[in-house]
Amino acid sequence: MLTCYAVDDEPLALQTVCEFIAQTPGLTLAGKFSSALQVLRALQQAEQPVDVLFLDIQMPNLNGLELARVLASRGGAPGPRVVFTTAYSQFALESYQVEALDYLVKPFDYEDFLRAVHKAQAYYQLLRRPVPAPPPATPPAAPAGDYLYVKADYQLVRVVLDDITLIEGLDDYASIHRRSDARPLLTLTTLKALEEKLPAQRFMRVHRSYIVGLNHISSVGRGTIQIGEQSIPVSERYRAAFDAYLDRWR
């Protein structure tokens with residue numbers, strides 16, 4: 001269940017978002033507000049975390065983009081994720097810079113709203129997934145330059161390539177599993193975009209939802225790969241390439 005705030009200074013637009021939230025399974029409306037300043041006060045006083053803000057942009061005193069920047073700059077645990085609901089399409093680029101989950105241009109219908117909800121649910125599904133115990137071995141230090149940077153929690157995080165055991169994709173997000181940290185690193189990046197950055201001799205796409213670190217494979221079964229305690233499926237689309245890789249070592 002995702003806890004939501006609806007924020008809009010236009011009463012009819014606010015009512016529409018509230019009605020959409022009420023009729024959507026998996027969402028709970030925890031508050032509705034007509035200004036960003038009200039939201040800041042409510043978040044400071046909230047007893048339970050808020051997961052998603054359905055947030056208008058053009059509002060007096062503090063607009064939606066400014067509120068998103070304020071929330072991103074706060075220390076501590078990550079704050080609520082934002083779905084912008086606005087009549088103006090020109091702010092789409094800025095919404096990407098604050099890592100908004102989605103950008104809905106008014107008038108949007110329930111289908112558009114539901115698509116944004118699915119992105120939020122996919123994000124929190126990855127974030128809240130139980131973390132498997134990491135293998136006991138510590139990975140060796142990587143040579144200089146043997147890493148990449150990804151955006152996570154409003155910052156660039158340096159990830160050593162040898163540390164990556166597997167990457168799981170879900171919609172617009174990717175969950176990077178590392179030997180040095182039991183908690184996966186969740187980044188607003190597609191699996192395809194990461195695949196293009198990774199060296200093909202060390203990483204392989206084996207499923208539409210998985211890239212594996214070849215050096216971390218502990219065993220191979222019938223249609224599956226074992227990495228630590230995780231069993232990764234190999235789909236028919238990628239089986240021939242993976243079998244060709246295995247043939248080089250037989």
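Tutor: Contact here means heavy atoms within 4.5 Å. The model is predicted.

Student: At about what angle does helix 1 run to strand 2?

Tutor: Helix 1 covers residues 11-22 and lies across strand 1, strand 2 and strand 3. Angles run from 0 to 180 degrees between N-to-C directions. Against strand 2, the angle of helix 1 is about 165°.

Student: Which strands stand at the edges of the open sheet, each with a single partner strand?

Tutor: The sheet has five strands with parallel pairing, in the order 2-1-3-4-5. A strand at the edge has a single partner, so one side of it is left without a neighbour in the sheet. The edge strands are strand 2 (27-33) and strand 5 (102-105).

Student: By how many degrees are neighbouring strands of this sheet turned against each other on average?

Tutor: Direction is ignored for this value. The average turn between neighbouring strands is 20°.

Student: In strand 2, what is the bridge partner of Cys4?

Tutor: Strand 1 (residues 2-7) and strand 2 run parallel and are joined by six bridges. The partner of Cys4 in strand 2 is Leu29.

Student: To which strand does helix 5 run at about 170°?

Tutor: Helix 5 (residues 110-127) lies across strand 1, strand 2, strand 3, strand 4 and strand 5. The angle of about 170° is to strand 5.

Student: Is Tyr147 buried, partly exposed or exposed?

Tutor: Tyr147 is in strand 6 (residues 147-152), and with Tyr149 and Leu156 makes a nonpolar surface patch of about 310 Å². Buried means under 20% relative accessible area, and exposed means over 50%. The value for Tyr147 is 31%, so this residue is partly exposed.

Key: Residues are numbered from 1 along each chain as its sequence is written. This is a predicted model: local features need pLDDT of at least 70, side-chain atom pairs count only at pLDDT 80 or more; totals for chains, interfaces and linings use all residues. Side-chain values use heavy atoms; hydrogens and water are left out. Patches are made of residues with over 30% relative accessible area and no salt bridge: like charges are joined within 9 Å, nonpolar side chains (Val, Leu, Ile, Met, Phe, Trp, Tyr) within 5 Å. Accessible areas come from the Shrake-Rupley method with a 1.4 Å probe; for residues, only the protein chains shown count as cover. A salt bridge is a side-chain nitrogen of Lys or Arg within 4 Å of a carboxyl oxygen of Asp or Glu. Helices (H or I, at least four residues) and strands (E, at least two) are DSSP runs, numbered from the N terminus. Buried means under 20% relative accessible area, exposed over 50%, partly exposed in between (1.4 Å probe, protein chains only). Two strands pair if DSSP finds at least two bridges between them.
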